[in-house]
Amino acid sequence: MPERPTHNRRIVLASRPQGAPVPENFRLETQPIAQPAAGQVLLRTLWLSLDPYMRGRMSDAPSYAAPVAIGDVMVGGTVARVEASNREDFKPGDLVLSYSGWQDYAISDGKGLTKLPACKCWMKSPQKCWMKNPHFLVSGDQPEL
């Protein structure tokens, strides 16, 4: 059985793009996985939504949304699994919609999390699960960042 990971990989904004984003605008950081305190949960990202609005969040120009600060984790919606919980309303194994960004693990106080209905088939056959539970399927014809 493989060992449980001990470190979190996260992508942070290293610099503001001038034109199209390039790899140098980002930095991969590794840090120990944090443990949830009272009232918190530890989330493991399963799926990350990459969307065109992220390009605007890399800029510090006036916008409807605040920019990502240099050195902060890039933003993004995620589907995550609760790995550990110190909250009554979330149990390990629960699937949630979250906004934990471009990282493997995140700590959440539970605010803004949306619990997804249980789907026991999703690990074995996501396509069959999505057909039975269409709220899991997110699709679109989005341009690249």
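This passage describes a sheet and a pocket in a predicted model.

The sheet is open and contains 5 strands, arranged in the order β6-β3-β4-β5-β7 with antiparallel pairing. Its edges are formed by β6, which spans residues 105–108, and β7, which spans residues 114–115; each of these strands pairs on one side only. In general, the strands of a sheet pair through backbone hydrogen bonds, in either a parallel or an antiparallel manner.

Strand β3 comprises residues 41–48 and is joined to β6 by 4 bridges, the two strands running antiparallel. Within this pairing, L43 is found opposite A106 of β6. Strand β3 also includes W47. The relative accessible area of W47 is 32%, and the residue is therefore classed as partly exposed, since this class lies between the limits of 20% for buried and 50% for exposed residues. Although W47 and T78 are 31 residues apart along the chain, a distance of 5.5 Å separates their C-alpha atoms.

Empty space in a structure can be revealed by rolling a probe the size of a water molecule over the atoms. The second largest pocket holds about 210 Å³ of space. Its lining consists of 18 residues, of which S100, Q103, A106, I107 and S108 are the closest to the pocket centre. Two or more lining residues are supplied by each of β2 (26–32), β3 and β6. The greatest contribution to this lining comes from β6, with 4 residues. By residue class, the lining of the second largest pocket includes 10 nonpolar, 7 polar and 1 charged residue. A106 thus appears in both parts of this description: A106 stands opposite L43 in the strand pairing, and A106 is among the residues closest to the centre of the second largest pocket.

Technical notes:
Residues are numbered from 1 along each chain as its sequence is written. This is a predicted model: local features need pLDDT of at least 70, side-chain atom pairs count only at pLDDT 80 or more; totals for chains, interfaces and linings use all residues. Side-chain values use heavy atoms; hydrogens and water are left out. Two strands pair if DSSP finds at least two bridges between them. Buried means under 20% relative accessible area, exposed over 50%, partly exposed in between (1.4 Å probe, protein chains only). On a 1 Å grid over the protein atoms alone, a cavity is a set of points where a 1.4 Å probe fits but cannot get out, and a pocket is an open set with protein on both sides within 12 Å along at least five of seven lines; lining residues have an atom within 4 Å of a point. Grid points are joined across faces, edges and corners, and a volume is the space filled by probe spheres set on the points. Ala, Val, Leu, Ile, Met, Phe, Trp, Tyr, Cys and Pro count as nonpolar, Asp, Glu, Lys and Arg as charged, and the others, Gly among them, as polar.
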